[in-house]
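Welcome! Open your viewer, get ready to select residues by number, and follow along from stop to stop.

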Amino acid sequence: MKVLVVIVNYRTPQLVLDCLESLAPQIVRVPGVQVVVTDNLSPDDSVAILSKAIDELGYASWCKFMPLGSNGGFAYGNNEAIKPAMAHESEKPVYVWLLNPDTIALDGALVELINFMESHPNAGIAGGRAENVDGTVRRSSFRFHTPLSELEGALQFGVASKLLKNYVVAPAIPDEAARVDWVSGASMMIRREVFEKIGLLDDGYFMYFEETDFCLRAARGGFECWYVPKSRIIHLVGQSSGVTGAKRGTKRRPKYWFESRARYFRNNYGVIATQIANLLWLGGYPLGRTWQLLRGKRRDDPPKLWWDFLRYNYLPCSR
């Protein structure tokens, strides 16, 4: 197998079918590509819809559907497809491409990532360029979250951001292929050797921060991570969760987001650094909001973000 493509569905069967439709003409041009769609125990008709459509549309020769027995989150849904593929020594994929269900793979998205990985043997992970429907570019390459990045993200105003410019998690989007700390899990190609050295994604994360954690573990294992803008997808963003995208400023951030953030900091930086990051954010956020209000600007933050951060991190009854 050349490439294993993994798509995790949760209540978005039509988006999955749109994604598969965009992949179909690309897969026939690349020998040895297998797609696995997992379903995280969707409470709708996803299983029936996808099972029927994959067969009727003629995708079954290259696409396998795998309903799962529980909703273990994004990492879990990907791992359940990767584990059996990695278990057979002679059939292990050379690459695994994680692809969100709310994406459309534009022409060449797959082959551009393959070509890049084959010409850059030190690259363990590569991610593509994400675009909105109107063609504008979304941020999909980032720096690692650190305590100082939490301060910058909380403050978000000119002087502070300039002083902390090397800690901005989402810097300017590169126009050319560039080494970065981590890339969005919406389109992430991973070399087999990365899994062999550092293991699978950490399914202790339900959703969010799992790809950041994985890229950090890969970097510590000696692998490079690259942003490859020639590989392009349309990303419809947050269709399952609502945490990102158009609903970002209207829905309170869910508990699992705070749990994932805490896990990332605790596992990668330790308890003391986690507390420093928390306190920097808790102190910086009101200052940033006040500064923005004084300047007549509005931040597109979820409602009650500061309070939810405090209660999910420090109030036992909320854990």
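Select F195 and show what surrounds it. Setting aside residues within four places in sequence, F195 is in contact with I82, M86, V96, I190, L200, L201 and F214. Keep in mind as you look that this is a predicted model. F195 sits in helix 7. Is F195 buried or exposed? It counts as buried, because its relative accessibility is 6% and the cut-off for buried is under 20%. Now add E259 to your selection: F195 and E259 are 64 residues apart along the chain, and their C-alpha atoms are separated by 24 Å.

**The nonpolar cores**

F195 also belongs to a bigger picture, so to speak: the largest nonpolar core, with 50 residues. Which residues have the most contacts inside this core? They are V6, I82, L98, I125, I190, F195 and F214. Next, colour helix 3, residues 74-87; helix 3 gives the most to this core, with six residues.

Now click on L98. Apart from its neighbours within four places in sequence, L98 is in contact with V6, N78, I82, G185, A186, S187, M188, I190 and L201. Then select C19, V30, V35 and M117: they are among the 39 residues of another core, which lies apart from the largest one.

**A buried serine**

Move on to S141, in strand 8, which covers residues 141-142. S141 is buried, with a relative accessible area of 6%. Which residues does S141 touch, not counting those up to four places away in sequence? Show V169, P171, P174, V180, W182 and Y227 to see them.

**A covered helix**

Select helix 5, residues 147-155. How many of the nine residues of helix 5 are buried? Seven are, so to a viewer helix 5 is mostly covered. The buried ones are P147, S149, E150, L151, E152, A154 and L155. To see what covers them, show helix 6 (158-163), helix 9 (255-269) and helix 10 (271-294), which are included in that cover. Just after helix 5 comes Q156, with a positive phi near 50 degrees.

Stay with helix 10 and pick out L287, which is found there. L287 counts as exposed, because its relative accessibility is 55% and exposed means over 50%. L287 touches L155 and F157, leaving out residues up to four places away in sequence. L155 is one of the buried residues of helix 5 that you have just selected. For a distance to try in your viewer, take L287 and K165: they are 122 residues apart in sequence, and 18 Å apart in space from C-alpha to C-alpha.

**Two loops with positive phi**

Here is some background for the next stop. Most residues other than glycine have a negative phi.

Select L41, in the loop between strand 2 (33-39) and helix 2 (46-56). L41 is not a glycine, yet its phi is positive, about 55 degrees. L41 is partly exposed, with a relative accessible area of 47%.

Then jump to Y208, in the loop between helix 7 (192-198) and helix 8 (210-220). The phi of Y208 is near 80 degrees, again a positive value in a residue other than glycine. Why does Y208 count as buried? Its relative accessibility is 19%, and buried means under 20%.

**Zoom out**

Finally, show the whole chain as a cartoon. You can look for 11 helices and 12 strands. The radius of gyration is 20 Å, close to the 20 Å that the globule rule gives for 319 residues, so the chain is as compact as a globular protein of that length. Along the principal axes, the C-alpha atoms fill a box of roughly 60 × 45 × 40 Å.

Switch to a surface view. The accessible surface comes to about 14600 Å², and 55% of it belongs to carbon and sulfur atoms. Buried residues make up 54% of the 319 residues. Colour the charged side chains too: there are 38 positive and 33 negative ones, and the centres of the two sets lie 9 Å apart.

One last thing to look for is how the chain meets itself. Among contacts between residues at least 6 apart in sequence, 79% join residues at least 24 apart.

Terms used:
Residues numbered from 1 in each chain as written. Predicted model: local features only at pLDDT ≥ 70, side-chain atom pairs only at ≥ 80, totals over all residues. Heavy atoms only, no water. Helix = DSSP H or I, 4+ residues; strand = E, 2+ residues; numbered from the N terminus. Rg over C-alpha atoms; globule rule 2.2 N^0.38 Å. Buried < 20%, exposed > 50% of the residue type's maximum accessible area, 1.4 Å probe, protein only. Contact = heavy atoms within 4.5 Å. Areas by Shrake-Rupley, 256 points an atom, 1.4 Å probe, with all protein chains shown as cover. Lys, Arg positive; Asp, Glu negative; His and termini not counted. Charge placed at Lys NZ, Arg CZ, Asp CG, Glu CD. Core = buried A, V, L, I, M, F, W, Y, C linked by side-chain atoms within 4.5 Å.
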